[in-house]
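Please describe selected local features of the model shown here, with attention to helices, backbone geometry and the surroundings of individual residues.

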Amino acid sequence: MVTSVLPRVESLASSGIQSIPKEYIRPQEELTSIGNVFEEEKKEEGPQVPTIDLTEIESEDKEVRERCRQELKKAAMEWGVMHLVNHGISEELMDRVRKVGQKFFELPVEEKEKYANDQSSGNVQGYGSKLANNASGQLEWEDYFFHLIFPEDKRDLSIWPKIPSEYTEVTSEYARQLRGLASKILSALSICLGLEEGRLEKEVGGVEELLLQLKINYYPKCPQPELALGVEAHTDISALTFILHNMVPGLQLFYQGKWVTAKCVPNSIIMHIGDTIEILSNGKFKSILHRGLVNKEKVRISWAVFCEPPKDKIILKPLPETVSETEPPLFPPRTFAQHIEHKLFRKTQDNMSN
C-alpha cells in the first residue's frame with residue numbers, strides 16, 4: 001500500500017488552517033454559483049427534486065401499479081434524479097450502514113491509511129483522496145473509501161474495513177437488498193420504455209455481471225466552503241446510483257440552467273439515472289449533471305452505490321426500440337470502458353482549452 005504524498009483532506013481540515021490551499025479553490029466562473037448550502041436547502045421557491053413513493057411499484061392492482069410507474073418515468077425523463085421513499089429497505093438497516101461507515105471514518109487517519117489505495121497502479125479500491133489528474137490540477141474537498149460490494153463472488157474482502165467488526169455483515173446485507181431494489185427499478189424503467197420487463201437488466205449485465213461499487217464520501221468541515229467543492233460537476237457513468245447520506249445537505253443538481261439543492265428527505269434513498277441508462281434509452285431518461293457543496297459547520301458523509309455494467313463484455317448503444325427516423329441514435333456504440341475513456345478525454349480537452 002502506498003501512502004499518498006498529499007495530506008488527506010481530513011488532516012488538512014483538522015490542522016486549524018483558516019484558508020484552503022490553492023489546489024482546492026475552484027475557477028472563477030464556478031465561484032459565482034457556490035452559495036451557503038444550509039441557506040440553499042431552505043429555499044422553497046423554484047424547482048425541487050421529485051420524491052417517488054415506491055409502495056405500489058409491484059401492486060396487484062394494474063392501475064395503481066401503472067400510476068406509480070408513470071411517476072417514476074416522469075422523474076427519470078425530466079430530472080434523472082429522485083428521492084425514493086417506501087423503497088423496501090428498512091430504516092434500521094440504513095442506520096446500521098451509516099453507523100459502520102461513520103465509525104470507520106472516525107478512526108485516526110494513520111489507521112485508515114492501512115487501507116490506502118494505489119491509484120497510480122490502477123488499484124482504486126480502498127481509502128483515498130482525489131489525485132490531481134487533470135490539466136488544471138484541481139482537487140476536491142473529500143476523502144473516500146471505495147470497494148466492490150456485489151456480486152459476492154467478485155468481492156475482495158481482504159481490503160474491507162476490519163473496524164468496526166460488523167462492517168462486512170452490515171454492508172453485505174445492504175448490498176443484497178439494494179441489488180433487489182435495482183432489479184425492481186430496472187424492470188419498471190424497461191416497461192416505461194415499452195420493452196419487456198427484464199430487458200434493461202439484461203442489457204446492463206444481469207444477475208451475474210452488474211457490479212455494485214460502494215463509495216463512502218467523507219466531506220470534512222471546510223474553512224472556506226464558498227471557494228471549494230466536495231465533488232466537482234459530473235454525470236454518473238453507472239446504470240443507476242443509489243445514495244444514502246447523514247442528513248447534511250450538499251448535493252446540487254444542474255436543472256434548467258440553474259443549480260438546485262436537494263433537500264434532506266428522511267428515510268429516503270436518492271437515485272440517479274446514470275449515463276449507461278441514458279445511452280440505452282437514447283436520451284429519453286436523463287443522466288443529470290450534479291456536484292457536492294461543503295460547509296463550515298458539519299461533516300457530511302454520503303454512501304453512493306454505483307450499479308455498473310461490466311467494462312468490456314457489453315456494447316452500450318441506444319436500443320433499437322428507442323430509435324426511429326425522427327429519433328436517430330444520439331450515442332455511438334461503446335463499451336463501458338470506452339465510455340469512461342471518452343469522458344476522461346473530453347474532460348482533459350476542456351481543461352486544456354480553459
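## Backbone features and helix packing

Pro151 is placed in the loop between β4 (143-150) and α7, where helices (H or I, at least four residues) and strands (E, at least two) are DSSP runs numbered from the N terminus. This is a predicted model, in which local features need pLDDT of at least 70 and side-chain atom pairs count only at pLDDT 80 or more, while totals for chains, interfaces and linings use all residues. Residues are numbered from 1 along each chain as its sequence is written, and side-chain values use heavy atoms, with hydrogens and water left out.

The peptide bond that joins Phe150 and Pro151 is cis, with omega at about 0 degrees. A cis bond also runs from Ile163 to Pro164, with omega near -5 degrees, and Pro164 likewise has its place in the loop between β4 and α7.

Positive phi values in residues other than glycine are found at Met247 and at Gln256. The table sets out their phi values, places and accessibility, for which buried means under 20% relative accessible area, exposed over 50% and partly exposed in between, with a 1.4 Å probe and protein chains only.

| Residue | Phi | Loop | Relative accessibility |
|---|---|---|---|
| Met247 | near 65 degrees | between β7 (240-245) and β8 (251-255) | 39%, partly exposed |
| Gln256 | about 50 degrees | between β8 and β9 (258-261) | 66%, exposed |

Helix α5 (residues 91-106) has 16 residues, which at 1.5 Å a residue should span 22 Å, and its end C-alpha atoms are 22 Å apart, in agreement with that expectation; the expected span is 1.5 Å times one less than the number of residues. The buried residues of α5 are Leu93, Met94, Val97, Arg98, Val100, Gly101, Phe104 and Phe105. Seen down the axis of α5, these buried residues fall within an arc of 165 degrees, so they line one face of the helix, the arc being that of the directions from the helix axis to the C-beta atoms. The face of α5 turned away from this buried side carries the exposed residues Glu92, Lys99 and Glu106.

Two packed helices are described by the angle between their axes and the distance between the axes. The axes of helix α4 (residues 62-78) and helix α7 (residues 167-192) come within 10 Å and cross at roughly 85 degrees; axes are lines fitted to C-alpha atoms, for helices over the stretch in contact, and angles run from 0 to 180 degrees between N-to-C directions. That crossing makes α4 roughly perpendicular to α7, a term that covers angles of 65 to 115 degrees. Contact (heavy atoms within 4.5 Å) is made by Arg69, Leu72, Lys73 and Ala76 of α4 and by Ile185, Ala188, Leu189, Ile191 and Cys192 of α7. These residues divide into seven nonpolar, no polar and two charged, where Ala, Val, Leu, Ile, Met, Phe, Trp, Tyr, Cys and Pro count as nonpolar, Asp, Glu, Lys and Arg as charged, and the others, Gly among them, as polar.

Ser302 lies in strand β12 (residues 300-308) and is buried, with a relative accessible area of 4%. Leaving aside neighbours within four places in sequence, Ser302 is in contact with Lys215, Ile216, Asn217, Tyr219, Ile243, Leu244 and His245.

Gly205, found in the loop between α8 (199-203) and α9 (206-209), counts as buried at 14% relative accessibility. Not counting residues up to four places away in sequence, Gly205 touches Leu210, Pro310 and Ile314.

Terms used. Parallel < 35°, antiparallel > 145°, perpendicular 65-115°, else oblique.
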